[in-house]
Amino acid sequence: MPYEDTSTRDRIDPVTLSIALDDLLPAQRVVGVDSGNFMGYPSMFLSVPDEDGFCFTQAYQSIGLGLATAIGAALARPDRLPVAALGDGGALMGAADLDTVRRLGLPMVVVVYNDDAYGAEVHHFGPDGHPLDTVEFPPTDIAAVARGYGFEAVTVRTRADLKAVADWVAGPRSAPLLIDAKVVRDRGAWWLEEAFRGH
């Protein structure tokens with residue numbers, strides 16, 4: 001379906017990012033999605049081959065479980081490329097498991113939809129004038145954090161930055177890949193607007 005690409009020179013639209021990744025990553029994949037404002041984008045735009053290709057951690061609306069879920073899926077389906085889709089808040093909560101990915105030698109792709117905030121809280125409470133100082137963060141170089149754990153990593157602000165992802169997919173995939181995607185942050189996700197309507 002058509003959509004308005006709101007990408008800027010500094011931040012990529014999460015729909016644009018997700019569609020591009022869907023085209024770049026191998027079709028035989030298992031996708032683990034964390035919870036948060038971002039979660040509709042990988043859930044809707046990263047296709048999976050069957051019902052065994054999608055793992056979702058939303059049961060208790062807790063963030064920070066997506067990376068561990070994707071690790072479990074990777075071990076259960078070693079024949080598929082594991083893809084963890086995380087928000088920046090959840091990624092930093094589960095950052096210790098980046099070491100688990102590296103130690104296990106998993107050829108995983110970790111996609112961080114980085115809006116420098118707990119985006120769901122920003123878009124839920126911000127419109128009513130609540131203070132957001134505890135849910136907005138200074139910019140964090142999550143790609144650098146991942147490199148410290150032994151990952152290959154790329155910061156994505158535009159579609160052109162995704163060439164590094166294509167290069168990684170082409171091989172040899174000797175280290176896992178983290179994509180620190182600086183996504184637009186001026187509005188909540190469509191599913192979040194619907195979920196919060198009337199609250």
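## How the elements are named

Helices (H or I, at least four residues) and strands (E, at least two) are DSSP runs, counted off from the N terminus. With that naming, Asp-116 sits in the loop between β4 and α6. One thing to keep in mind throughout: this is a predicted model.

## Odd spots in the backbone

Asp-116 is worth a click. Its phi is positive, about 55°, although the residue is not a glycine. Is Asp-116 buried or exposed? With a relative accessible area of 5%, Asp-116 is under the 20% cut-off, so it counts as buried.

The loop between α8 and β6 has a couple of its own. Pro-172 lies there, and the peptide bond leading into it from Gly-171 is cis, with omega near 10°. Arg-173 is in that loop too, and has a positive phi of about 55° without being a glycine. Arg-173 has a relative accessibility of 30% and is therefore classed as partly exposed.

## The main core and its neighbour

The largest nonpolar core has 29 residues, and Leu-17, Leu-21, Val-165 and Ile-179 are the ones touching the most other members. Two or more residues each come from α1 (14-24), β1 (29-33), β3 (81-87), β4, β5 (152-156), α8 (163-170) and β6 (177-182). Helix α1 gives the largest share, four residues. In soluble globular proteins, nonpolar side chains tend to be buried together.

Apart from this core there's another, of 20 residues, including Ile-71, Ala-95, Ala-146 and Ala-153. Back in the largest core, which residues does Leu-21 touch, leaving out those up to four places away in sequence? They are Arg-29, Leu-46, Val-111, Leu-162, Val-165 and Ile-179.

## A two-sided helix

Now for α3, residues 66-76. Gly-66, Leu-67, Ala-70, Ile-71, Ala-73 and Ala-74 are its buried residues. Why do they end up on the same side of α3? They do because the arc they cover around the axis is only 165°. An α-helix has 3.6 residues a turn, so residues three or four places apart point the same way.

On the other side of α3 you'll find Leu-75 and Ala-76, which are exposed. The buried residues of α3, meanwhile, pack against β1, β2 (54-56), β3, α5 (96-104) and β4.

## One cavity

Rolling a probe the size of a water molecule over the atoms shows where empty space is left. How many cavities of 30 Å³ or more does the count come to? Just one, and the volume of the largest cavity is about 40 Å³.

The lining of the largest cavity is made up of Leu-67, Leu-86, Ala-91, Leu-92, Ala-95, Leu-98, Val-110, Val-112, Ile-142, Val-145 and Leu-178. By class, that's eleven nonpolar residues, no polar and no charged. At least two lining residues apiece come from α4 (88-93), β4 (109-114) and α7 (142-148). Two names here have come up already: Leu-67 lines the cavity and is buried in α3, while Ala-95 lines the cavity and belongs to the core of 20 residues.

## A histidine in a loop

Finally, His-130 is in the loop between α6 (119-125) and α7. Its relative accessible area is 41%, which means it is partly exposed. Pair it with Thr-6 and you get 124 residues of separation in sequence and 26 Å in space, C-alpha to C-alpha.

Methods. Residues numbered from 1 in each chain as written. Predicted model: local features only at pLDDT ≥ 70, side-chain atom pairs only at ≥ 80, totals over all residues. Heavy atoms only, no water. 1 Å grid on protein atoms, 1.4 Å probe; cavity = no way out; pocket = protein on both sides within 12 Å on 5 of 7 lines; lining within 4 Å. Points joined across faces, edges and corners; volume = space filled by probe spheres on them. Nonpolar A, V, L, I, M, F, W, Y, C, P; charged D, E, K, R; others polar. Core = buried A, V, L, I, M, F, W, Y, C linked by side-chain atoms within 4.5 Å. Buried < 20%, exposed > 50% of the residue type's maximum accessible area, 1.4 Å probe, protein only. Contact = heavy atoms within 4.5 Å. Arc of directions from axis to C-beta.
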